Every structure is written in C-alpha cells, then in structure tokens.
Amino acid sequence: MMLNVDQINVFYGAIHALRDVSLTVDEGEIVTLIGANGAGKTTTLRTVSGLLHPASGTIAFRGESITRTPPDRIVRDGIAHSPEGRRIFAEMTVRENLDLGAYGRKDRPAVAQDRDRMLTLFPRLKERLGQMGGTLSGGEQQMLAIARALMAKPKLLLLDEPSLGLAPFLVKDIFRIITEINAAGVSILLVEQNANQALQIAHRAYVMETGRIVLAGPAKEIAASDEVKAAYLGG
C-alpha cells in the first residue's frame with residue numbers, strides 16, 4: 001500500500017473538518033475523492049501533504065509514518081501537491097516555476113531532462129517558457145501547476161480540482177494528461193468537482209459528506225450508484 005490514511009480527525013479552531021477519515025491509495029492507482037463543496041476534500045489533501053496536522057489518527061506513506069512530517073520533507077519523500085486555485089508564481093517565468101518544483105532534488109543533471117519531459121507532456125508550456133506565469137490563460141496555469149508538482153519526481157501526486165474553471169475542450173485535455181501521468185508510474189489522489197470525468201478515469205473512489213467518508217469502492221460501482229448519480233452526476 002502506498003498511502004494509508006487511518007481515522008484522521010482535523011480541526012480548524014473549533015470546527016471539526018474531518019471526522020475519522022480513512023482511505024488508501026495503492027501503487028499505480030488513480031483514486032478520486034468526490035463530494036460537495038465544503039465536504040472536506042481539500043482539507044484531506046492538505047493534511048496528507050503536511051500543510052495541516054491531524055488531531056488524531058495516522059498517515060503512512062510507503063509504510064513510514066508522515067503524520068507529523070513537515071511539508072518540505074513530504075515532498076522529498078515522494079508526495080507532490082498541485083493545489084486548488086493553481087497557486088503558480090505569477091511574477092516568475094514558466095521555466096522558473098518548473099525549476100522551483102525541483103527545489104528539493106539533489107539529482108541536478110536529471111532536472112533539465114525532466115523539464116524537457118514536462119514540455120513534451122504539456123506542449124503549450126514549451127511555447128511560453130520565458131513568459132510570466134501570471135500572463136498565462138487559466139488552462140495553461142493549470143498545466144503549469146501540474147507540471148511544477150511533477151518536477152519534484154513524486155511517487156504520489158495529489159491533484160486538487162484540476163479542471164475547475166476550464167473550457168470543456170481543455171477539461172478533456174487535462175484528464176487525458178492525468179491518465180498519461182498515471183500510465184508513466186505515478187499514483188494519483190484526485191479531488192475533482194467534475195465527478196463524471198473523475199469516475200471515468202479512476203480505479204477507486206471515495207465519496208465525502210460533511211467531513212466523513214460515506215461511500216467507497218471501485219469507481220465503476222460508485223458511478224453506477226443511484227445515490228451518487230442523483231447527487232453528483234446529474235442523473
């Protein structure tokens with residue numbers, strides 16, 4: 001098992017944001033977390049990446065506890081986070097944003113190779129290498145956010161709302177790229193408001209409501225559930 005989140009409870013002050021949340025991601029999987037806004041999906045990713053710490057419960061990555069590990073060490077251990085809202089550095093070029101993704105790596109000669117690989121995966125970024133991040137379109141910024149996370153050479157990629165606010169043709173592009181990243185050997189924990197698309201590419205799924213996991217199983221089974229269809233798939 002690559003990631004094991006076991007019974008975590010997370011608070012924002014007095015607000016109990018996550019309640020006994022447990023989930024797993026196995027080697028080579030795409031696992032998606034779906035649910036309404038405010039269900040706790042982003043909080044779950046932020047806790048896995050060390051930006052928040054659980055009040056109780058444990059998180060293990062490849063058999064080692066990362067429950068209290070600082071975020072920079074978690075990146076070095078092999079987990080990268082592409083956050084909601086992209087959070088690219090607007091006043092840095094595309095190249096500088098990509099290089100910043102590799103800040104914790106010691107294998108400097110391989111960084112240039114990986115940058116080239118990102119530009120093959122995201123050809124639009126190649127055309128804009130010297131452009132400031134803030135001048136890119138929404139879709140290009142999203143591609144840059146994912147590419148920057150991949151520059152850390154993660155074993156597990158946390159993706160938070162990669163299709164949010166994108167035109168339909170770009171959404172298709174982003175999901176195709178996610179499957180390519182996974183096929184190249186990166187496991188993915190995906191939070192996505194486009195539940196329909198997420199369930200099509202995921203192996204397994206968890207449904208969150210008000211800080212709890214209320215449903216879990218193979219993505220195809222979750223997609224076929226009447227309850228999920230009514231709540232998230234417009235059926």
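**Exercise 1. Where is the place of Val31? Work out its surroundings as well.**

Solution. Keep in mind that this is a predicted model.

Step 1: locate the residue. Val31 sits in strand β3.

Step 2: check the burial. Buried means under 20% relative accessible area. Val31 comes out at 0%, so it counts as buried.

Step 3: list the company it keeps. Setting aside neighbours within four places in sequence, Val31 is in contact with Thr24, Val25, Ile188, Leu189, Leu190, Arg204 and Tyr206.

Step 4: look for a long-range pair. Val31 and Ala202 are 171 residues apart in sequence, yet their C-alpha atoms are 5.5 Å apart in space.

**Exercise 2. Lay out the six-stranded open sheet, and find its edges.**

Solution. Step 1: write down the strand order. Going across, you get β6-β7-β8-β3-β9-β10, and the pairing is mixed.

Step 2: pick out the edges. β6 (79-82) and β10 (212-218) each have a single partner strand, so one side of each has no neighbour in the sheet.

Step 3: add the twist, which averages 15° from one strand to the next.

Step 4: zoom in on one pair. β9 (residues 204-209) and β10 run antiparallel and are joined by six bridges. In this region, Glu209 stands opposite Arg212 in β10.

Step 5: place the helices. α1 lies across β3 (30-35), β6, β7 (156-160), β8 (187-191) and β9, and runs at about 150° to β7. α7 lies across β3, β7 and β8, running at about 150° to β8.

**Exercise 3. Do the same for the open sheet of four strands.**

Solution. Step 1: the order here is β2-β1-β4-β5, with antiparallel pairing.

Step 2: β2 (15-25) and β5 (64-65) are at the edges; each has a single partner strand, so one side of each is left without a neighbour in the sheet.

Step 3: bring in the helix. α1 (residues 41-48) packs on this sheet and touches β1 (3-12), β2 and β4, with its direction at about 115° to that of β1.

Step 4: go down to residues. β4 (residues 56-61) pairs with β5 in the antiparallel sense over two bridges. Ala60 has Ser65, in β5, as its bridge partner.

**Exercise 4. Is Thr67 buried or exposed? Describe its contacts too.**

Solution. Step 1: Thr67 belongs to the loop between β5 and α2 (71-77).

Step 2: its relative accessible area is 9%, so Thr67 is buried.

Step 3: look for polar partners. The Thr67 side chain makes a polar contact with the side chain of Ser65, at 3.1 Å.

Step 4: go further along the chain. Leaving out neighbours within four places in sequence, Thr67 touches His53, Pro54, Gly57, Thr58 and Ile59.

**Exercise 5. Check the length of helix α4, then see what covers it.**

Solution. Step 1: α4 covers residues 108-121, so at 1.5 Å a residue its 14 residues should span 20 Å. The expected span multiplies 1.5 Å by one less than the number of residues.

Step 2: compare with the model. The end C-alpha atoms of α4 are 20 Å apart, which agrees.

Step 3: collect the buried residues, namely Ala110, Val111, Asp114, Arg115, Met118, Leu119 and Leu121.

Step 4: think about the spacing. Since an α-helix has 3.6 residues a turn, residues three or four places apart point the same way.

Step 5: name the cover. It includes α3 (94-101), α5 (123-127), α6 (138-150) and α7 (168-183).

**Exercise 6. Which residues touch the most other members of the largest nonpolar core?**

Solution. Step 1: that core has 47 residues, and the ones to name are Phe122, Leu157, Ile178 and Ile181.

Step 2: follow one of them. Not counting residues up to four places away in sequence, Ile181 touches Leu121, Ile146, Leu150, Leu157, Val186 and Ile188.

Step 3: find the other core. Apart from the largest one lies another of 26 residues, including Leu3, Val31, Leu52 and Ile59.

**Exercise 7. Inspect the positive phi values of Asp20 and Glu161.**

Solution. Step 1: recall the background. Most residues other than glycine have a negative phi.

Step 2: take Asp20. Its phi is near 50°, it lies in strand β2, and at 38% relative accessibility it counts as partly exposed.

Step 3: take Glu161. Its phi is about 55°, its place is in the loop between β7 and α7, and at 5% relative accessibility Glu161 counts as buried.

Terms used:
Residues numbered from 1 in each chain as written. Predicted model: local features only at pLDDT ≥ 70, side-chain atom pairs only at ≥ 80, totals over all residues. Heavy atoms only, no water. Pairing = 2+ DSSP bridges. Contact = heavy atoms within 4.5 Å. Axes fitted to C-alpha atoms, helices over the stretch in contact; angles between N-to-C directions. Buried < 20%, exposed > 50% of the residue type's maximum accessible area, 1.4 Å probe, protein only. Polar contact = N/O pair within 3.5 Å; in protein donor to acceptor, adjacent residues only side chain to side chain. Core = buried A, V, L, I, M, F, W, Y, C linked by side-chain atoms within 4.5 Å.
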